[in-house]
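Work through the exercises below with the structure in view. Each task is followed by a solution in steps.

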Amino acid sequence: MVTEDDDRPRRKISHEIGQDLSLLSVEELTERVALLNTEIARLEEAAAKKRASRDAADSFFKK
């Protein structure tokens, strides 16, 4: 059985640093934690790639 809620488009989860969390449900908080963990992993991967590029350049240009 399909309810009216199933027809509505899901809103995109976003999070603003410092946002008031008191109005969010446990499920919403859990979704945001997952979102932020994914973003942390993405940032760490980007930083590792940049570090590797910098280290390669440093070793190439050293005497």
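**Exercise 1. Burial and surface**

Task: State what share of the residues of this predicted model counts as buried, and describe its accessible surface.

Solution. Step 1: a residue counts as buried when its relative accessible area is under 20%. Step 2: of the 63 residues of the protein, 3% meet this condition. Step 3: the accessible surface comes to about 6,300 Å². Carbon and sulfur atoms account for 58% of that surface.

**Exercise 2. Overall form**

Task: Count the helices and strands, then decide whether the protein is spread out or a compact globule.

Solution. Step 1: the protein has 2 helices and 0 strands. Step 2: its radius of gyration is 20 Å, while the globule rule gives 11 Å for 63 residues. Step 3: the value is well over the rule, so the protein is more spread out than a compact globule. Step 4: along the principal axes, the C-alpha atoms fill a box of roughly 70 × 30 × 15 Å.

**Exercise 3. Charges**

Task: Give the numbers of positive and negative side chains and the separation of their centres.

Solution. Step 1: there are 12 positive side chains and 14 negative ones. Step 2: the centres of the two sets lie 14 Å apart.

**Exercise 4. The largest pocket**

Task: Find the volume of the largest pocket and the residues that line it.

Solution. Step 1: the pocket holds about 310 Å³ of space. Step 2: its lining has 11 residues, and those nearest the centre are Pro-9, Arg-10, Arg-11, Glu-28 and Glu-31. Step 3: helix 2, residues 26-61, gives the largest share of the lining, with 3 residues.

**Exercise 5. Pro-9 and Ala-56**

Task: Place Pro-9 and Ala-56, classify their exposure and give their separation.

Solution. Step 1: Pro-9 lies in the loop between helix 1 (4-7) and helix 2, whereas Ala-56 is found in helix 2. Step 2: exposed means over 50% relative accessible area. Pro-9 has 74%, so Pro-9 is exposed. Ala-56, at 44%, counts as partly exposed. Step 3: the two residues are 47 residues apart along the chain, and their C-alpha atoms are separated by 46 Å.

Note on methods: Residues numbered from 1 in each chain as written. Predicted model: local features only at pLDDT ≥ 70, side-chain atom pairs only at ≥ 80, totals over all residues. Heavy atoms only, no water. Helix = DSSP H or I, 4+ residues; strand = E, 2+ residues; numbered from the N terminus. Rg over C-alpha atoms; globule rule 2.2 N^0.38 Å. Buried < 20%, exposed > 50% of the residue type's maximum accessible area, 1.4 Å probe, protein only. Areas by Shrake-Rupley, 256 points an atom, 1.4 Å probe, with all protein chains shown as cover. Lys, Arg positive; Asp, Glu negative; His and termini not counted. Charge placed at Lys NZ, Arg CZ, Asp CG, Glu CD. 1 Å grid on protein atoms, 1.4 Å probe; cavity = no way out; pocket = protein on both sides within 12 Å on 5 of 7 lines; lining within 4 Å. Points joined across faces, edges and corners; volume = space filled by probe spheres on them.
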